[in-house]
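Got your viewer open? Here is a short tour, one selection at a time.

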Amino acid sequence: MPPEPLPQHPVVVVGGGWAGLTAAVELCAGGLPVVLVEAARQLGGRARSLRFGTTVVDNGQHLVLGAYRSLLALLDRLQIDSERAFLRMPLALHTLRGRHCGLGLTTPRLPAPLHLIAALLSARGLSLHARLKALQFGTRLAKLRIDAQADISVATLLREAGQSASLIGNLWEPLCTAILNTPIHQASARLFVVALQQALLSSHDASDLLIPRVELGSILPQPGARYLEDHAARAVLGQRVTRLEISDNAVTAVQLRAQQLQASHVVLATPHVISRRLMSPHPALRPLCDKLALLGDEPVATLYLQYPPEVRLPRPMLGLYGTSTQWLFDHCIAGQPGLIAAVISARGPHSRMPSERLTALVGAELAASFPGWPAHRHSLLVREKRATFSARVGVDLLRPANQTPVAGLWLAGDYTDTGLPATLESAVRSGMNCAAAILNSAGA
């Protein structure tokens, strides 16, 4: 049989974040015409770059794991050398309690799961009993399955597994908050278990930490834009989609402020709040919108503090225990000496603080932990109020598939049903899955 003709109208991808860019790149690679529409004047979405004085930072400190196979495959397609873009290091969780060492855990270069066993047995800051209990939970983790209908909180899971309050506070709670961006008493144990299985048990390098050496804009948004341009795709920046045109239960076009774009398919790669807003006027999509309305969001605050160039952390990444600040990242590895990023994930008392007060609080916490440091010279507080969906108990029952009930209308984003938390990997995987389904339906 001869191949089916390519569609007359392009695929319109709405949203130029990592999910939308991925979908657009994969569709171009499959030979479909693409128009990418982004409301902002730059690509990148919630993982974009900002100016900070004379340098460039990201709108939040992001971390990549070796387990992010889809993301690394996308960078290969874009001919990005991941070894140059990231500092790759074995999983290392080290924290400070005030001025003193707290937890110290580093995975050696051993096959999985031996690397995890060795790391737990040799961990500093945990009693022998706590290490054995953590190891007991770790060995049970490989076979642990939690049905979406029977989901429980991470706190409940850990208590039932015999993890002490001290062990939870020192090890599991910081991990949970970092992975799910949701408080431990509300966070989904199902998502937590899946994330740990992929990061800790699949292979020894899956748990590797990949810390960006360069701003995220040069890792995906800029190379992605060049790829689209090289493949004759159109990018429309600074234009907001105001309406979906749907006829006979099939999407036909999107309406911008001053023009209408005819479409063979439309990918809504916007945050779930925006996607719901665009879909809600259409009766066939209201049950889907009702589910999206229940997803909720969690914030992330990142405070960049510029110290004199000689200021360094003892490690590229360091946790603080008993403070509002959760993790610190030293941007010396990115050629920005003296620049420290302080990260506070999920909602908490800090969410209601004025920016000046939160900046002063974090500055004071760092001064207490590093009394020899001089005062910081400049600061930039970035608050992403809707950084991720809220990974609460039962959230997987709310997450939608890529395909919607309307023919030709698709969803892409880290909130879709990827089985992963709201990470860059989840966004990229969603974009890939969405593009593959469209290419399959188009016969391309």
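At what angle do the axes of helix α5 and α7 cross? Before you select them, two notes. This is a predicted model, in which local features need pLDDT of at least 70 and side-chain atom pairs count only at pLDDT 80 or more, while totals for chains, interfaces and linings use all residues. Residues are numbered from 1 along each chain as its sequence is written, and side-chain values use heavy atoms, with hydrogens and water left out.

**Stop 1: α5 against α7**

Select 128-141 for α5 and 165-180 for α7. Helices here are DSSP runs of H or I with at least four residues, strands are E runs of at least two, and both are numbered from the N terminus. The two axes cross at roughly 55° and come within 11 Å. Axes are lines fitted to C-alpha atoms, for helices over the stretch in contact, and angles run from 0 to 180 degrees between N-to-C directions. The pair is therefore oblique; under 35 degrees would count as roughly parallel, over 145 as roughly antiparallel, and 65 to 115 as roughly perpendicular, with oblique for the rest.

Look at the handedness too: α5 passes α7 in a right-handed crossing. Right-handed means the near helix is turned clockwise from the far one by less than a right angle, and left-handed means anticlockwise.

Now show side chains. A130, K133, A134 and F137 of α5 meet L167, L171 and W172 of α7, where contact means heavy atoms within 4.5 Å. This set has 6 nonpolar residues, no polar ones and 1 charged. In these classes, Ala, Val, Leu, Ile, Met, Phe, Trp, Tyr, Cys and Pro are nonpolar, Asp, Glu, Lys and Arg are charged, and the others, Gly among them, are polar.

**Stop 2: the cavity beside α7**

Stay with α7 and select L93, T95, L103, N170, L171, P174, L175 and W327, which line the largest cavity. On a 1 Å grid over the protein atoms alone, a cavity is a set of points where a 1.4 Å probe fits but cannot get out; a pocket is an open set with protein on both sides within 12 Å along at least five of seven lines, and lining residues have an atom within 4 Å of a point. The count comes to 1 cavity of 30 Å³ or more, and the largest holds about 40 Å³. Grid points are joined across faces, edges and corners, and volume is the space filled by probe spheres set on the points.

Which element gives the most to this lining? α7 does, with 4 residues. The lining comprises 6 nonpolar and 2 polar residues, with no charged ones.

**Stop 3: a pocket that also uses α7**

Next pick E173, T177, T323, S324 and Q326, which are the closest to the centre of the second largest pocket among its 23 lining residues. The space in this pocket is about 460 Å³. Once more α7 supplies the largest share of the lining, 4 residues, and β16 (317-321) and β18 (339-345) each bring at least two. Here the lining splits into 9 nonpolar, 12 polar and 2 charged residues.

**Stop 4: backbone details**

Just past α7, find N181 in the loop between α7 and α8 (189-201). Its phi is near 55°, a positive value in a residue other than glycine. Then jump to P113, in the loop between β8 (100-106) and α4 (114-121). The peptide bond from A112 to P113 is cis, with omega near 0°. Most residues other than glycine have a negative phi, and most peptide bonds are trans.

Keep A112 and P113 on screen and add L201, which touches both, along with L116, L141, A142 and L196. L201 lies in helix α8, and its C-alpha is 8.6 Å from that of L141, 60 residues apart in sequence.

**Stop 5: α2 and its two partners**

Finish with α2 (69-77) and α1 (18-29), whose axes are 12 Å apart at an angle of about 50°. That makes α1 oblique to α2, and their crossing is left-handed. W18, T22, V25, E26 and A29 in α1 meet L71, L74 and R77 in α2.

Now swap α1 for α13 (424-442): the axes of α2 and α13 come within 7 Å and cross at roughly 65°. That makes α2 roughly perpendicular to α13, and this crossing is left-handed. The contact joins R69, S70, L71, A73 and L74 of α2 to L424, E425, V428, R429 and M432 of α13, with 6 nonpolar, 1 polar and 3 charged residues.

Conventions
Lists of a residue's contacts leave out its neighbours within four places in sequence.
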